[in-house]
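This briefing introduces selected features of one structure to a reader new to it. Please view the sequence and the structure below before turning to the points that follow.

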Amino acid sequence: ALALVARGRRVAVLTGPAEGPRGPVPYTVVEVPRFAPRELTAARGRLGPVRRWLLQWVPHAFGFKSVNAALVAWVVARPEPLWTMFHEVALPLGPGHPPAHRAAAIAHRAMAFALGRRSGRVLVSTPAWTRITGVPAARAEWFPVPANVALAEDTPRAREGRVVAHFGTYGAEIGARLREAVAVLVPALPGDVSLVLTGRGSRRFADALPEPLRGRVRATGGLPGAEVAAVLARATLALQPYPDGITTRRGSAMAALRVGTPLVTETGALSEGFWPRVPGVFLAEGEGGLARTALARLEAAAAPGLRGELRAFYARWLSIENTVRRLEGPADPRWSIEP
């Protein structure tokens, strides 16, 4: 919204209730108590003329246990043009899941199909989502998720000592992979290197670590975006495990790349093919690979010019400026990242 306003666009954001006080913003914000047709219709009446809806789709973001079919029906029935950005699409669908999970996964796919068929432009945060939405590959456009930190241009670049950092929300799957990596990494780190955890849930995660590890680990808790950026900018490496592999939908990885911090991560079933060609993105392999790779790459991460290369790569392919430029241009399903 800020980037579009900076380019002279009128923007209104329809969103749920804020968790705390909102600061002043140069666009209209209309809150709804829940994403149900009656409340949405009332909110729509306060918006004035709408040239286009840009729906930011994550099934779990709209309540009703992630199956808000009424919201989809309301959006599909609107007369205004609709573009849909699929950040996430559906729960995995496969054997071994309980019936409620499978029912939700099927409903997610049906909702995505309805939205995709109705939308004039279909944007996906990673090309893997094209297979799940049912949208033909000739229509879906790849729109990486830009970083949601480092809004200030004066984010510090200087580092203080050597630090390995992680940024996230410490959910179950990523938290489990991070815990395994930390158990191997921290005892093996040189004495002048510490581990810093930032983001909501970091203190809870750190408090649950075994006692011998805690003295080498610092947790900041949740911080404003610019302060998270400062933590990452001071780090030697960012350690970012992802169960399904790094993709351009991972805002935490984008945050490290934006400030030029080399990244230790892993590829997986959803990873795009360009990652092995990005200087400063170190990909782990095998059992215990995250910890081994972080230890092995501490020196390489300090190579002259590497941080500048990462910032340049981010600016060219992943930045919010790239996003709005493409939004305002013609649809281009053939766009791809070529390091």
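In this predicted model, strands S4 (residues 82-86) and S5 (residues 121-124) run parallel and are joined by four bridges. Within this pairing, Met-85 has Leu-123 in S5 as its bridge partner. The points below place the two strands in their sheet and then turn to the aromatic residues.

**The sheet and its helix**

- Strands S3, S4, S5 and S6 follow one another in that order in an open sheet of four strands, and their pairing is parallel.
- The edges of the sheet are formed by S3 and strand S6 (140-142); each has a single partner strand, so one side of each is left without a neighbour in the sheet.
- On average, neighbouring strands of this sheet are turned by 25 degrees against each other, direction ignored.
- Helix H4 (residues 99-118) lies across S3, S4 and S5, and runs at about 140 degrees to S4.

**Aromatic pairs**

- Nine aromatic pairs are found in the structure.
- One of them is the edge-to-face pair of Trp-53 and Trp-74, with 5.9 Å from centre to centre and 70 degrees between the planes.
- This pair links distant parts of the chain, since Trp-53 belongs to strand S3 (residues 53-57) and Trp-74 to helix H3 (residues 69-77), 21 residues apart.
- Trp-53 has a relative accessible area of 14% and is therefore buried, the cut-off being under 20%; Trp-74 also counts as buried, at 11% relative accessibility.
- Tyr-170 and Phe-205 form a tilted pair, because their ring centres are 5.3 Å apart and their planes stand at 40 degrees.
- Tyr-170 lies in the loop between strand S7 (162-167) and helix H6 (172-188), while Phe-205 lies in helix H7 (residues 202-207), so the pair ties together parts that are 35 residues apart in sequence.
- Tyr-170 is buried, with a relative accessible area of 7%, and Phe-205 counts as buried at 4% relative accessibility.

**An aromatic cluster**

- One aromatic cluster is made up of Trp-142, Phe-274, Trp-275, Phe-313, Trp-317 and Trp-335.

**Charges over rings**

- Arg-52 places its charged end over the ring of Trp-83, at 3.8 Å from the ring centre.
- Arg-326 has its charged end over the ring of Phe-143, at 4.0 Å from the ring centre.

Definitions and conventions: Residues are numbered from 1 along each chain as its sequence is written. This is a predicted model: local features need pLDDT of at least 70, side-chain atom pairs count only at pLDDT 80 or more; totals for chains, interfaces and linings use all residues. Side-chain values use heavy atoms; hydrogens and water are left out. Rings of Phe, Tyr and Trp (its six-membered ring) pair if their centres lie within 6.5 Å; planes under 30 degrees apart count as stacked, over 60 as edge-to-face and the rest as tilted. Buried means under 20% relative accessible area, exposed over 50%, partly exposed in between (1.4 Å probe, protein chains only). A charge sits over a ring if NZ of Lys or CZ of Arg is within 6 Å of the ring centre and within 35 degrees of the ring normal. Two strands pair if DSSP finds at least two bridges between them. Axes are lines fitted to C-alpha atoms, for helices over the stretch in contact, and angles run from 0 to 180 degrees between N-to-C directions. Contact means heavy atoms within 4.5 Å.
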